[in-house]
Amino acid sequence: MKIGIIGGGIIGLSSAYYLQKSGHEVTVIDQSDLTNGCSYGNAGMIVPSHFIPLAAPGMIAKGIRWMFDSSSPFYVKPRWSGDLVRWGIQFYRHATEAHVQKSAGVLKELSLLSKSLYQTWSKELLDFGYNEKGLLMLYQTSDAEHEEKETARLANQYGIEARVLSADEVQQLETHVRVNVRGGILFPGDAHLTPHLLMESLKNNLNEKANFKTNTAVKDFNISEKKIKSVVTNRGEFSFDEIILATGSWSGDVAKKLKLNLPMQAGKGYSFTLPDISKNIQIPSILIEGKVAVTPMGNSLRFGGTMEINGLDHSINMKRVKGIVDTVSRFYPELKIETPAMEKTWHGLRPCSPDGLPYIGRTPSIQNLTIATGHSMLGISLGPATGKLVSEIINGEKTSIDLSALTPHRYQR
Ligand SMILES: Cc1cc2nc3c(=O)[nH]c(=O)nc-3n(C[C@H](O)[C@H](O)[C@H](O)COP(=O)(O)OP(=O)(O)OC[C@H]3O[C@@H](n4cnc5c(N)ncnc54)[C@H](O)[C@@H]3O)c2cc1C
């Protein structure tokens, strides 16, 4: 079949990879030049440890507290937007124990499938810095310790190995840098990679096998008899047998053109990278109280963090970048880092669904459309699994995972 994939981030390219492998003629359409979007500068963590969705008990109280602190890790910019209000109501409704119970299984399955696919990719594709060194969740306060130990207990219950470590045990793992913590949880099953290398090696692999239409923005669709007949772009109209919608944070707006309700907010995050570190961090870590991700990538060290819900906005708030720097200094007192210049600060828009679960699947109103988006903080983690599932849907095969909790029409009015 002729398949058009709208969006060439990790989700679009993973889908392209598996679809061309099963013999389809694939075209990836993207409004950007595919060099610096959300899938390029993130923290690169592959995290089966993250089986609890963003919408979980405690998040509302934490979110409200953080909203009044200009350097906090989470911020919702108040603005008049019906979409934001409806998204917020749905988030609130899903921040329950019952939702966590319902979602944990499917997130775990997606993560483990993805990790096994990354193991294959690390042999098939050009080197993208894939490493299985686990993940440390580091904390300094008793409140965070309590919460993280509870997550570790749940993880072990779900079959994801988690070990509680004392401050000394953490230090023994981090041989090069002094770590100022109360303790930590080690998730030995997690992994990490270098995101821009991953994206480059996927593009390299697809180069001769798929068509790329970059700097091409999808503006509208011609629909008749419940099918997309053509995709209207700023560079002409294109027709396909099947369309995959993988437009990340823009998906809510694109879906409106198809009369679909796909609640989505962009969760802006920042990262900056120190090159040529002689004594690098050994194990990727999350600094819990500041929600900062720290990832060694070869000789470089990347710090990522903050979640700003502020529409499709690309401005950089240096106060929040400084919040990341301050957190790093508290956890690694000997690591002398300075707030990067604005030009050296990368930002990306995470596509956040209100229940913290991706949208993967078909929708009844349009027969030749498959949606794959809304992966929030887990797009890199869940990319290969999502791509594989998309190809199974298109090929009419039984999907590797039950997708009922991820159905894209769960909010259809
Ligand atoms: C600071 C930070 C750290 C992160 N760390 C991690 C991590 O450690 N692990 C992890 O798993 N995830 C992480 N993430 C999240 C991850 O980066 C995202 O979930 C993932 O990149 C989303 O991929 P995507 O393909 O859905 O969206 P994108 O990468 O945004 O791709 C969507 C594409 O669609 C295109 N598009 C949109 N609208 C149109 C249109 N109308 N026409 C044509 N093209 C269009 C866009 O140009 C874009 O290229 C992090 C994110 C941030 C910001």
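In which sense do strand 19 and strand 20 pair, and over how many bridges? In this predicted model, strand 19 and strand 20 (residues 366–373) pair in the antiparallel sense over 5 bridges. The points below cover this pair, an open sheet of 3 strands, the pairings of strand 14, a contact between helix 4 and helix 10, and the surroundings of Thr 27 and Ile 228.

**Strands 19 and 20**
- The two strands form a hairpin, with 2 residues between strand 19 and strand 20.
- Within the pairing, Tyr 359 stands opposite Thr 373 of strand 20.
- Strand 19 (residues 359–363) is largely enclosed by the rest of the structure, because 4 of its 5 residues are buried.

**The open sheet of strands 10, 11 and 12**
- This sheet has 3 strands in the order 10-11-12, and the pairing is antiparallel.
- Its edge strands, each pairing on one side only, are strand 10 (218–224) and strand 12 (236–238).
- On average, and with direction ignored, neighbouring strands of this sheet are turned by 25 degrees against each other.
- Strand 11 (residues 227–233) is joined to strand 12 in the antiparallel sense over 3 bridges.
- Opposite Val 231 stands Phe 238 in strand 12.

**Ile 228 in strand 11**
- Ile 228 is a residue of strand 11, and with a relative accessibility of 2% it counts as buried.
- Neighbours within four places in sequence aside, Ile 228 is in contact with Phe 221, Asn 222, Ile 223, Phe 240, Ile 243, Leu 258, Ile 366, Asn 368 and Leu 369.
- Val 179 is 49 residues from Ile 228 along the chain, and the C-alpha atoms of the two are separated by 55 Å.

**Strand 14 and its partners**
- Of the 10 residues of strand 14 (residues 265–274), 8 are buried, so the strand is largely enclosed by the rest of the structure.
- Strand 14 pairs with strand 18 (residues 346–352) in the antiparallel sense over 7 bridges, and here Gln 265 stands opposite Cys 352.
- Strand 14 also pairs with strand 17 (residues 300–309), in the antiparallel sense and over 7 bridges; in this pairing Ser 271 stands opposite Gly 304.

**Helix 4 against helix 10**
- The axes of helix 4 (residues 97–124) and helix 10 (residues 379–394) come within 7 Å and cross at roughly 90 degrees, which means that helix 4 is roughly perpendicular to helix 10.
- From helix 4, the contact is made by Leu 107, Leu 110, Ser 111, Leu 113, Ser 114, Leu 117, Tyr 118 and Trp 121.
- From helix 10, the contributing residues are Ile 380, Ser 381, Leu 382, Gly 383, Pro 384, Ala 385, Lys 388 and Leu 389.
- By class, the residues of this contact of helix 4 with helix 10 comprise 11 nonpolar, 4 polar and 1 charged.

**Thr 27 in strand 2**
- Thr 27 belongs to strand 2 (residues 25–29).
- Its relative accessibility is 7%, so Thr 27 counts as buried; the cut-off for buried is under 20%.
- The side chains of Thr 27 and Asn 211 are joined by a polar contact of 3.2 Å.
- Not counting residues up to four places away in sequence, Thr 27 touches Ile 3, Gly 4, Ile 5, Asn 211, Lys 213 and Phe 240.
- Phe 240 is thus listed among the contacts of Thr 27 and among those of Ile 228.

Conventions. Residues numbered from 1 in each chain as written. Predicted model: local features only at pLDDT ≥ 70, side-chain atom pairs only at ≥ 80, totals over all residues. Heavy atoms only, no water. Pairing = 2+ DSSP bridges. Axes fitted to C-alpha atoms, helices over the stretch in contact; angles between N-to-C directions. Parallel < 35°, antiparallel > 145°, perpendicular 65-115°, else oblique. Contact = heavy atoms within 4.5 Å. Nonpolar A, V, L, I, M, F, W, Y, C, P; charged D, E, K, R; others polar. Buried < 20%, exposed > 50% of the residue type's maximum accessible area, 1.4 Å probe, protein only. Polar contact = N/O pair within 3.5 Å; in protein donor to acceptor, adjacent residues only side chain to side chain.
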